[in-house]
Each structure stands twice: as structure tokens, then as C-alpha cells.
Amino acid sequence: MWSGRFARVTVRVWEPSTPPGVGAASPVVDEAEAVEFLELFHAENPEAGPAAPRIRWVRAEIGFTGTYQHTSAELAFGARVAWRNSARCIGRLYWRSMRVRDLRAVREPAAVAAECAEHLRIAFNGGKVRPLITVFAPDAPGRPGPRIWNEQLIRYAGHRQADGSVLGDPRYAGFTEAVGRLGWRRPERPSAFDALPLVVSSDGETHLSTLPEDAVVEVPLVHPELEWFAELGLRWHAVPAISNMRLSIGGVSYPAAPFNGWYMGTEIGARNLTDPDRYDLLPEVGRRLGLDTGREQTLWKDRALVEINRAVLHSFAAAGVTISDHHTESARFLKHLEKEERAGRVCPADWSWIVPPMSGGLTPVFHRYYDTPHLRPEFVADEDATRASLEGVAPTLPPTVPTRLTPMWTYLGGRRPARS
Ligand code: ARG
């Protein structure tokens with residue numbers, strides 16, 4: 001876990017490609033996208049009144065400034081619908097209940113990092129994990145919002161060893177090396193579960209900070225029957241908070257908008273701990289179980305997989321931390337599909353992501369096809385953000401194009417005021 005022995009450093013490794021305000025800037029907001037969103041918002045929120053006056057206002061605001069500010073209600077709705085539209089997520093039944101922290105006024109890197117830690121505390125909620133999103137400053141013409149480099153707020157370092165092997169999570173070996181170059185000092189005795197520092201860039205500054213200990217709650221993994229399981233020294237963090245996806249609402253981009261739900265056990269037990277390019281634990285657990293690991297036919301992998309997953313579900317439950325199994329989550333997803341259908345909406349779903357990574361055919365989500373329309377608002381995985389989160393390469397800023405703002409007189413009766 002964390003202690004104060006890691007330095008907080010601020011380094012300048014990232015500069016805005018254009019100085020704010022002059023000549024060139026990020027693209028202005030696409031008016032058609034703004035209108036599409038506002039129509040959706042007003043259609044689904046009749047208490048907000050008719051869309052037309054708001055649309056007129058927003059068109060004018062885009063004309064003056066190149067962008068527009070969402071109301072708090074629009075922001076919350078947009079974030080929730082972005083979740084509802086996430087075709088890869090099985091956990092969408094509770095999309096309406098996601099809490100939205102409106103931190104659009106926060107952009108300074110150290111403040112963003114501190115609020116990310118606060119996000120983790122609020123989301124953990126004493127073990128009763130709640131879906132939450134924190135929305136930081138958006139991209140605006142000439143002034144990009146903050147960027148969080150990390151893929152998730154909590155992830156484990158992958159320490160590359162002299163022999164080429166990796167201690168920890170190999171997925172983040174590149175990121176771990178990169179933060180080392182940025183000044184992160186790894187623990188004196190590196191372990192397989194060292195939380196990585198947060199890296200946040202904003203307004204030309206990049207800030208590296210370790211998460212405070214109380215923000216990183218972890219569950220030690222034990223097995224309900226196999227006593228030796230605890231000796232493996234495994235653990236996992238309680239809150240999965242994705243931090244490298246851009247939230248796109250009505251043409252406005254929020255590049256820093258970390259969000260979380262709770263874990264489904266298989267994410268940890270059937271992927272993170274078992275994928276050959278992650279913690280790769282099947283061989284060791286198979287051996288400890290005394291299985292014949294020399295022949296596929298013995299299904300030793302499947303048997304080891306079940307025990308690891310039992311340990312994950314058991315340990316989280318015993319620690320009082322929310323988690324769900326893939327059978328329950330599959331049933332909930334079908335209920336979600338039904339509800340969406342009844343509401344007259346199509347629900348995009350990607351079969352290869354929705355079907356759990358173990359016992360697929362035992363779950364009802366396996367036995368059908370899904371619609372795959374691309375709907376907005378949405379969470380977007382930009383290529384450069386993905387690269388930043390895996391390789392630790394500085395994210396790029398929005399493309400710069402000349403900004404053509406509509407002159408104000410267009411909105412003042414269409415006539416250019418006479419010069420005096
Ligand atoms: N699969 C990712 C992980 O293992 C987390 C993705 C989001 N999961 C969630 N339950 N909200 O960390």
C-alpha cells in the first residue's frame with residue numbers, strides 16, 4: 001500500500017501545440033451534434049420544457065465562443081446516456097443511478113489528481129461501491145482540457161526484471177517504465193501489486209502523484225476451502241475506474257472524466273489474473289491443485305479457473321466489498337435489454353464483450369444476437385489516449401484548425417452594426 005515516501009513531482013514534458021487564443025485552435029463544436037443531443041435531452045426530460053429555445057441559445061453560444069456549456073442536468077444526462085450506449089458493458093441496468101460529479105471548473109493537474117483520489121473514496125463508499133463519474137474541464141477551442149494518462153485510476157505496476165520477466169501486471173510494463181523516466185520512484189521492495197502513480201497533464205504541465213493510501217482499497221484473495229490459496233499473496237483493488245476514455249456529449253469533449261462501476265468477478269479472476277499476458281496464474285494454481293497440467297484434456301485450466309474465480313467472489317464478499325458474479329450480471333443485462341426495448345430504444349451490445357470470459361454458454365447472454373448501432377453521447381477510446389495509458393507516451397492535443405467564429409451581429413438581426 002501507499003506511504004508518503006514517494007515524491008510528488010511536476011515536470012514539463014507536454015506543451016499545448018498552440019498557444020491559447022491566437023491564430024489557430026481546436027475545432028469548434030459541431031452544431032449538428034449539439035442539436036442532436038439537445039433534442040434527445042428534451043425528448044427524454046419533458047420537465048425541461050421545449051428544446052427550441054435552448055437550441056437557439058446554444059447555436060448563438062457556439063457562434064460566439066466556438067463551444068457551449070452544458071447545464072448540470074444536460075451533463076448528468078449526457079454522462080448517463082454515454083454509459084447506456086456503451087456496447088461493451090454488461091452492467092448497464094443501473095445506468096440512471098450513476099452519480100455525476102460536476103468538476104468542470106477543475107483543470108489544474110494537482111487538483112485533478114486530488115479529485116481523482118476523492119473520486120475513489122466516494123465510489124468505494126465503505127465497500128458499497130457506487131457507480132460514479134467525475135467530469136473535469138472540457139476541451140474548448142484553443143484550450144484543451146486536462147488529460148489523465150492512466151488507463152484506470154488504480155492499476156498495478158509491471159516491473160521488468162533483468163531476465164525479461166515482469167513482476168506485477170505486464171500490461172503496464174511500458175507505462176511503468178515511462179513514469180520511471182518522469183521521476184516516479186518505485187517502492188524499495190517492488191511487489192506484484194504496487195499501485196501506479198497518476199499522471200495528469202494540463203495547460204502545458206504534467207504532474208505525477210501517488211494516490212493516498214486511503215483512496216486505494218484492496219482485497220486480499222483467499223479461497224473458501226483451499227488454505228494454501230492465501231499463500232499466493234494475491235490481491236486486487238476494489239474499484240475499477242476507467243480514466244482514459246473521452247466523454248463526448250453533444251459535440252463537447254471531456255477528455256478527463258474517470259468513471260467506475262463495481263467489479264464482475266470474472267474481470268479479475270478470468271482475465272486480469274489468468275490471461276497469459278497478465279498475471280498468468282493458471283499454471284501455478286493448476287500445479288497446487290495437483291492437476292495433470294501436461295494434457296489439455298484434463299481440463300486443468302478450466303478447473304483452476306473456477307477455483308480462482310471462487311476465491312475472488314468469496315474474498316470480496318468476505319471483505320464487504322461489492323462484486324457480482326457473471327450469472328447475476330448476465331440476467332441483469334437481459335433485464336436491461338427488455339427495459340430499453342419497452343422504452344422504445346435500441347440497445348447497442350457487442351456480443352464478444354458482453355459474453356463473460358468463462359462459462360459463456362451457461363449464461364443467457366450467450367444465446368442471442370444484439371443490435372450494434374453507434375449511438376451518442378458516448379465514451380470514446382482515442383488512439384493517443386490508449387497509447388498514453390499503455391506506453392506512457394504523452395497524449396496529443398485536439399487537431400488545430402483555424403477557428404471561424406460567427407460574428408456577433410449575425411445574432412443581432414443579421415445586420416452588421418454601422419461603424420462610427
Ligand atoms: N475489466 C477492467 C478491469 O479488470 C475493468 C472494466 C470496467 N469494469 C467494470 N466493472 N466497471 O479492471
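This is a short walk through the fold, the aromatic pairs and the cysteines of one protein model.

Okay, hi everyone. Before anything else, keep in mind that this is a predicted model. The protein has 420 residues, and 50% of them are buried. In secondary structure we get 11 helices and 19 strands. If you take contacts between residues at least 6 apart in sequence, 73% of them join residues at least 24 apart.

Let me start with a sheet. There's an open one with 4 strands, running E3-E4-E15-E12, and the pairing is mixed. Which strands sit at the edges? Those are E3, residues 99–102, and E12, residues 241–242, each pairing on one side only. E3 runs parallel to E4, which covers residues 132–135, and the two share 4 bridges. If you want a spot to click on, Val100 has Ile133 in E4 as its bridge partner.

Now the helices on that sheet. H3 packs on it and touches E3 and E4, with its direction at about 130° to that of E3. H4, residues 109–124, packs on the sheet too, and touches E3, E4, E12 and E15, where E15 is 259–260. The direction of H4 makes about 160° with that of E4.

Another helix to look at is H5, residues 173–181. Its buried residues are Ala173, Phe175, Thr176, Ala178 and Val179. Why might buried positions recur along a helix? Well, an α-helix has 3.6 residues a turn, so residues three or four places apart point the same way. And what do the buried residues of H5 pack against? That would be strands E6, E7, E8 and E9, plus helix H11, at 383–391. After H5 comes Gly183, with a positive phi near 120°.

On to the rings. The count comes to 13 aromatic pairs. One of them is Phe41 with Phe77, edge-to-face, 5.5 Å centre to centre and 75° between the planes. Phe41 is in helix H1 and Phe77 is in H3, so this pair ties together parts that are 36 residues apart in sequence. Both of those phenylalanines are buried.

Then there's Tyr156 with Trp236, also edge-to-face, at 5.0 Å between centres and 85° between planes. Tyr156 is in the loop between E5 and E6, while Trp236 is in E11, so here the linked parts are 80 residues apart. Tyr156 and Trp236 are both buried as well. They also belong to a cluster: ring pairs link Tyr156, Phe193, Trp236 and Tyr279.

One for the cation–ring fans: Arg84 lies over the face of Trp95, 4.7 Å from the ring centre.

Last topic, cysteines. How many disulfides does a search of the whole structure find? It finds 0. Take Cys89: the nearest cysteine sulfur belongs to Cys347, and that is 9.7 Å away. So why no bond for Cys347? Because its closest cysteine sulfur, the one in Cys89, is 9.7 Å off, which is too far; the cut-off is 2.5 Å. As for their surroundings, Cys89 is partly exposed, with a relative accessible area of 24%, whereas Cys347 counts as buried at 7%.

So, to recap: an open sheet of 4 strands with H3 packed on it, and H4 as well, 13 aromatic pairs, and 0 disulfides. That's me done, thanks.

Methods. Residues are numbered from 1 along each chain as its sequence is written. This is a predicted model: local features need pLDDT of at least 70, side-chain atom pairs count only at pLDDT 80 or more; totals for chains, interfaces and linings use all residues. Side-chain values use heavy atoms; hydrogens and water are left out. Buried means under 20% relative accessible area, exposed over 50%, partly exposed in between (1.4 Å probe, protein chains only). Rings of Phe, Tyr and Trp (its six-membered ring) pair if their centres lie within 6.5 Å; planes under 30 degrees apart count as stacked, over 60 as edge-to-face and the rest as tilted. A charge sits over a ring if NZ of Lys or CZ of Arg is within 6 Å of the ring centre and within 35 degrees of the ring normal. Two strands pair if DSSP finds at least two bridges between them. Contact means heavy atoms within 4.5 Å. Axes are lines fitted to C-alpha atoms, for helices over the stretch in contact, and angles run from 0 to 180 degrees between N-to-C directions.
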